[in-house]
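Good morning, colleagues. I should like to take a few minutes to present the contact between two chains. Please look at the sequence and the structure as I put them up.

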There are 2 protein chains.
Amino acid sequence: MGKKKTVQNGYKFMGRIWIEGKEGTFLGYGRVTLLERIKQCGSISEAAKSMKMSYRHAWELTDSMNRQSKSLLVETATGGKGGGGARLTEAGEKAIAAFWKLYGNFNDFLEKMEKNLKF
Amino acid sequence: MGKKKTVQNGYKFMGRIWIEGKEGTFLGYGRVTLLERIKQCGSISEAAKSMKMSYRHAWELTDSMNRQSKSLLVETATGGKGGGGARLTEAGEKAIAAFWKLYGNFNDFLEKMEKNLKF
């Protein structure tokens, strides 16, 4: 989950990246995947199910991202914590795109390193 | 420990890298620091103390690195697990240098990314 792996001479170069905000983790592989699922499903509870994650955990991750972002990433409709729909905002779209860009660059970096290093 | 941190607009770009062998982690920030301390101290037990790590844990980490390396990284003198000295081999020196090179490149990568990304 969120780890990149390449193989060289039987060794694997592994890495993980994430972005921290004022409360700790803000965006990482799992959180960004959750944002994508919320966009697809239109609901936090359906998104949670699709990731085999508890609704409570998905709700807490979403709330944590919203609290640490300058603009809301996910808007929830009436029903609040118990139900209703959820919608990814434009800021949410941008956060997803920005994270995958960083992640892609990170993968490129690991592949480049793999070619240069010998153990 | 082994994490790189930079700050942009209140967000921190974090990352971690390590190298896996056939048994799992082979080299990471903590393990490489242990190798350096063994070199400096000439003993696993003194190296462990300097890192506030138990002797048992330091011995297991050293054994894990030796088992997964093509050549021994650390040679232990008579006395074995219970005592005696420990010496970093040439392969150990090379492993340390190769890891810090990768780590330095990773830090450069994170700093470069920091400048390009906005949240």
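I shall speak about the symmetry, then the interface, and then the strands.

A word on conventions first: this is a predicted model, in which local features need pLDDT of at least 70 and side-chain atom pairs count only at pLDDT 80 or more, while totals for chains, interfaces and linings use all residues. Residues are numbered from 1 along each chain as its sequence is written, chains are lettered from A and ligands numbered from 1 in the order in which they are written, and side-chain values use heavy atoms, with hydrogens and water left out.

Let us begin with the symmetry. Chain A is superposed on chain B by a rotation of 180 degrees with 0.0 Å of shift along the axis, and the RMSD is 0.0 Å; the fit is by least squares on the C-alpha atoms of residues with pLDDT of at least 70 in both copies. That is the relation of a two-fold axis. Within chain A, the residue that comes closest to this axis is A:Arg16, with its C-alpha at 2.7 Å.

I turn to the interface. Taking contact as heavy atoms within 4.5 Å, 31 residues of chain A and 31 residues of chain B take part. Of the interface residues of chain A, 100% are also interface residues in chain B, so the copies meet through the same surface.

How much area do chain A and chain B bury between them? The value is about 2800 Å², with 68% of it on carbon and sulfur atoms; buried area here is the accessible area (1.4 Å probe) that two parts lose on being put together, summed over both. Strand S2 (11–21), strand S3 (24–27) and helix H4 (90–116) of chain A each supply at least two residues of the side that touches chain B; helices (H or I, at least four residues) and strands (E, at least two) are DSSP runs, numbered from the N terminus. The largest share of that side, 11 residues, comes from S2(A).

S2(A) also pairs across the interface. Nine bridges join S2(A) to strand S2 (residues 11–21) of chain B, and the two run antiparallel; strands pair if DSSP finds at least two bridges between them. In this pairing, A:Gly15 has B:Ile17 as its bridge partner.

Within chain A, S2(A) is joined to S3(A) by three bridges, again antiparallel, and a hairpin of two residues links them. Here A:Glu20 stands opposite A:Thr25.
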